Amino acid sequence: LNPVLTIGEQVVETITAHQKVSADRARARTCELLELVGIPQPREQLRRYPHQFSGGMRQRVMIAIALALQPKLLIADEPTTALDVTVQAQILELMQELTAESGTAVLLISHDLGVVARTTQHVAVMYAGFVVESASTPELFAHPRHPYTVGLLHSIPRLDTDPDDELTAIEGAPPDQQREPVGCPFAPRCRWRLDVCWREMPPLLPVAAGHVLACHNPATDEEALDGQPLRVGFARAPEPAEDIERA
C-alpha cells in the first residue's frame with residue numbers, strides 16, 4: 001500500500017483504471033469491498049492512511065483491491081507474512097470464503113507448510129525455478145518422493161514427534177541462478193544422489209495418479225518417513241571438494 005495515499009484512493013484507483021465507472025460508483029464499490037473483507041464502518045475508513053491500520057487490516061485492504069475486478073485467478077505471494085498466528089488464520093479463512101463465493105482460483109506461494117497443508121488442494125514443490133514434485137495436497141504430504149520435499153517436511157517441528165529429536169537440516173546452499181544447471185540442480189545437497197544426477201536433468205514423470213516427480217532416485221515411503229536413505233548399493237556420493245567444484 002502507498003503510505004501517502006488514503007485507503008479509499010488506492011481501492012478507487014484500481015477500479016477506475018480498469019472499468020468505465022463514475023467516481024461515485026467506484027467509491028460505493030470500494031465501501032462494498034471493504035465491508036466484504038470485514039473492515040467495520042467502511043465509509044469512515046476511506047479517509048484513513050495505511051499506517052492507521054493494523055497489519056491484519058492492511059492485508060484485508062490488499063485482498064479487497066485484488067478482488068475488486070473479480071479476477072479468474074488470484075496470485076497470493078506469502079499473504080500471511082509478518083502476521084501473528086491468529087490473524088494469519090483469519091486472513092486465510094477470509095480468502096477461502098471470498099474466492100469460493102466469487103469462483104476465483106487462488107495460486108498460493110508460501111514456504112509455510114502448515115498453511116499449504118491447511119488451505120490448498122494441489123501442491124507443486126519448486127527448487128531453483130523447476131517443479132520437482134506435484135500432487136494433490138493429501139497425496140504429497142502422505143507420500144513425498146522427491147528428496148527436497150522429504151527434506152522440507154523433516155526440517156519443521158511436529159506435534160507427533162519427540163520434542164527432544166533434532167530437526168534434520170538440508171545441508172548446503174541453493175545454486176547460483178545466474179548459471180544454467182548441469183544435471184539435477186538439487187544434486188549438490190541431495191543425500192539420495194546418483195552419478196547420473198550430476199549429468200542429466202530428470203524429467204517430470206507420473207509416479208501415481210495425479211502425482212508427478214522429477215528425480216532419478218526417489219525416496220521410498222519408508223525413507224520419506226525416516227528422512228534419510230535406507231537402501232545400500234547405489235552410487236557413492238562425490239567428495240565434498242568435488243561437490244563444490246561441480247556446484
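A salt bridge is a side-chain nitrogen of Lys or Arg within 4 Å of a carboxyl oxygen of Asp or Glu. The exercises below apply this rule, and then turn to a pocket, in a predicted model.

**Exercise 1.** Determine how many salt bridges the rule yields, and which residues are linked in a network.

*Solution.* Step 1: applied to the structure, the rule gives a count of four salt bridges. Step 2: Arg25, Arg29 and Glu32 are linked in a network of these contacts. Step 3: within that network, Glu32 pairs with Arg29, and their closest N and O atoms are 3.4 Å apart. Step 4: both Glu32 and Arg29 belong to helix H2, where three residues, or about one turn of the helix, separate them. Step 5: Glu32 has a relative accessible area of 37%, so it is classed as partly exposed.

**Exercise 2.** Examine the pair Arg27 and Asp24: establish the distance between their closest N and O atoms, their placement in helix H2, and the exposure of each residue.

*Solution.* Step 1: the closest N and O atoms of Arg27 and Asp24 lie 3.1 Å apart, and the two residues form a salt bridge. Step 2: helix H2 spans residues 23–36, and because Arg27 and Asp24 are three residues apart in it, about one helical turn separates them. Step 3: Arg27 has 38% relative accessibility and is therefore partly exposed. Step 4: Asp24, with a relative accessible area of 58%, is exposed.

**Exercise 3.** Decide whether Glu223 is buried or exposed, and do likewise for its partner Arg231.

*Solution.* Step 1: Glu223 and Arg231 form a salt bridge in which the closest N and O atoms are 2.8 Å apart. Step 2: buried means under 20% relative accessible area; Glu223, at 1%, is buried. Step 3: Arg231, at 34% relative accessibility, counts as partly exposed.

**Exercise 4.** Describe the largest pocket by its volume, its lining residues and their classes.

*Solution.* Step 1: the largest pocket holds about 1000 Å³ of space. Step 2: its lining comprises 30 residues, and those nearest the centre are Leu108, Ile109, Val116, Thr120 and His122. Step 3: the elements that contribute two or more residues to this lining are helices H5 (85–102), H6 (113–119), H7 (137–142) and H8 (147–154), together with strands S2 (105–109) and S3 (122–127). Step 4: sorted by class, the lining contains 18 nonpolar residues, 11 polar residues and one charged residue.

Methods: Residues numbered from 1 in each chain as written. Predicted model: local features only at pLDDT ≥ 70, side-chain atom pairs only at ≥ 80, totals over all residues. Heavy atoms only, no water. 1 Å grid on protein atoms, 1.4 Å probe; cavity = no way out; pocket = protein on both sides within 12 Å on 5 of 7 lines; lining within 4 Å. Points joined across faces, edges and corners; volume = space filled by probe spheres on them. Helix = DSSP H or I, 4+ residues; strand = E, 2+ residues; numbered from the N terminus. Nonpolar A, V, L, I, M, F, W, Y, C, P; charged D, E, K, R; others polar. Buried < 20%, exposed > 50% of the residue type's maximum accessible area, 1.4 Å probe, protein only.
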